[in-house]
Amino acid sequence: MKRVILLVLDSVGIGALPDADKYNDVGSNTLGNIAKKVGGLKLPTLEKMGLGNIHPIEGVKNVEEPVASYGKMMEKSPGKDTTTGHWELAGIILDEPFPTYLNGFPQDLLKEFENKIGTKTIGNYAESGTKILADLGEEHQKTGYPIVYTSADSVFQVAAHEEVIPLERLYEICKIAREMLQGEHAVGRVIARPFIGEPGNYVRTENRKDFSRLPDTKIVLQSLNEAGLDVVAVGKIHDIYSGLGINRSYKSKSNLHGLNKTIDLINEDFSGLIMTNLVDFDMMYGHRNDVEGYAKALEETDGMLEVIIQNMKDEDLLIVTADHGCDPTHPGTDHTREHVPVLLYGKNIKPVNLGTLESFTDVAVTLTKIFALDDKFPGKSLI
């Protein structure tokens, strides 16, 4: 094989993990519960690939002869956030979860941050992004103080109106936070959350920027790059991995935009990896408990998957998976601790039932096998 297209459907889980009780996520099933709520999903491309063979999903049949290998993966690392999931896909299993701050950040830490950025802040509690803007957007506009908040994930988020704090200044503030949050406070991500609008009508913009914690050990993207292979990122992949091992990167404005860019890249001639993250599932629908929106986004992506398959070359391999769950039917607005589906399609791949796999790192091991890399990662190849 010459190239792998790794498509990460951000938050598209497929059933609670055995330890979901530790995360208050018993009964979570992003795909299954959405399908029940909307009276069935229409996903013909994923169906023929074998999605319905992994786990019962209303509207998605179990097919006798799927065109892809199919299975589900367990997350071995503790946690259910974006960074943990993506690090594991790239070959790293965490021993300890990233720090979280459900009761807000320590006052001494926040005071140090305010001293470094030269201004007071407001907020400092765990809440969804839309609710935080409704609560504090007007105060922010009046005072000019940045809004600091977090969630159940390991994140330090800074929200600011683009007309109050210019983007470059917001990014500078987040860089200061990233440099400061080390050791016991080394959160997975510092996130700039710019928004626009007026009280009662605030909207987050596309200018979000993530400042991720650097991986503690080598990731498979670096291994690919060191072997002279191209690693091309679409969506927030560059931010998640802080650019490590990535040759080219393209931001995406939406799932559809990211999928179209992926198709453009498939029609280029190069060897290596295209890694795309489709964030709308998580950001626009999962965290907002928008079941109908999530279902429509799944069906739209399914249609685009057919186009991807039609454009693939004989030496291409498509891997479709996810990084965690975010069941919009589950109480709260946080990620959910779930299995993720994994589907492998290629003209040189014989479809098989992969069963239940012990770790996301099997994806990294698969890449090392396909491209005959020397670096070793925990897990086993999917091929």
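Before I start, a word on terms: the domain bounds I will use come from an automatic or database domain assignment, and on that basis the protein chain in this predicted model is divided into domain 1, covering 3-94 + 214-371, and domain 2, covering 107-212. Taken over C-alpha atoms, the centres of domain 1 and domain 2 are separated by 28 Å.

Let me put the record next to that division. In an unreviewed entry, UniProt lists residues 2-374 under "domain: Metalloenzyme", and in the model that span is 34% helix and 21% strand, with its end C-alpha atoms 17 Å apart.

Now to the interface, where 15 residues of domain 1 are in contact with 14 residues of domain 2. The size of an interface is often given as the accessible area lost when the parts come together; here domain 1 and domain 2 bury about 1200 Å² between them, and 43% of that area is on carbon and sulfur atoms.

What does the rule find across this interface in the way of salt bridges? For domain 1 and domain 2 the count is zero, although six residue pairs, both members at pLDDT 80 or more, are found in polar contact across the interface. On the side of domain 1 that touches domain 2, the elements giving two or more residues are α4, at 82-89, and α9, at 237-240. Sorted by class, that side of domain 1 has seven charged, five polar and three nonpolar residues, and I would ask you to keep the charged count of seven in view together with the zero salt bridges that the rule finds between the two domains.

Notes
Residues numbered from 1 in each chain as written. Predicted model: local features only at pLDDT ≥ 70, side-chain atom pairs only at ≥ 80, totals over all residues. Heavy atoms only, no water. Contact = heavy atoms within 4.5 Å. Buried area = accessible area lost by both parts, 1.4 Å probe. Salt bridge = Lys/Arg side-chain N within 4 Å of Asp/Glu carboxyl O. Polar contact = N/O pair within 3.5 Å; in protein donor to acceptor, adjacent residues only side chain to side chain. Helix = DSSP H or I, 4+ residues; strand = E, 2+ residues; numbered from the N terminus. Nonpolar A, V, L, I, M, F, W, Y, C, P; charged D, E, K, R; others polar. UniProt positions renumbered as here; feature names shortened; annotations may be inferred.
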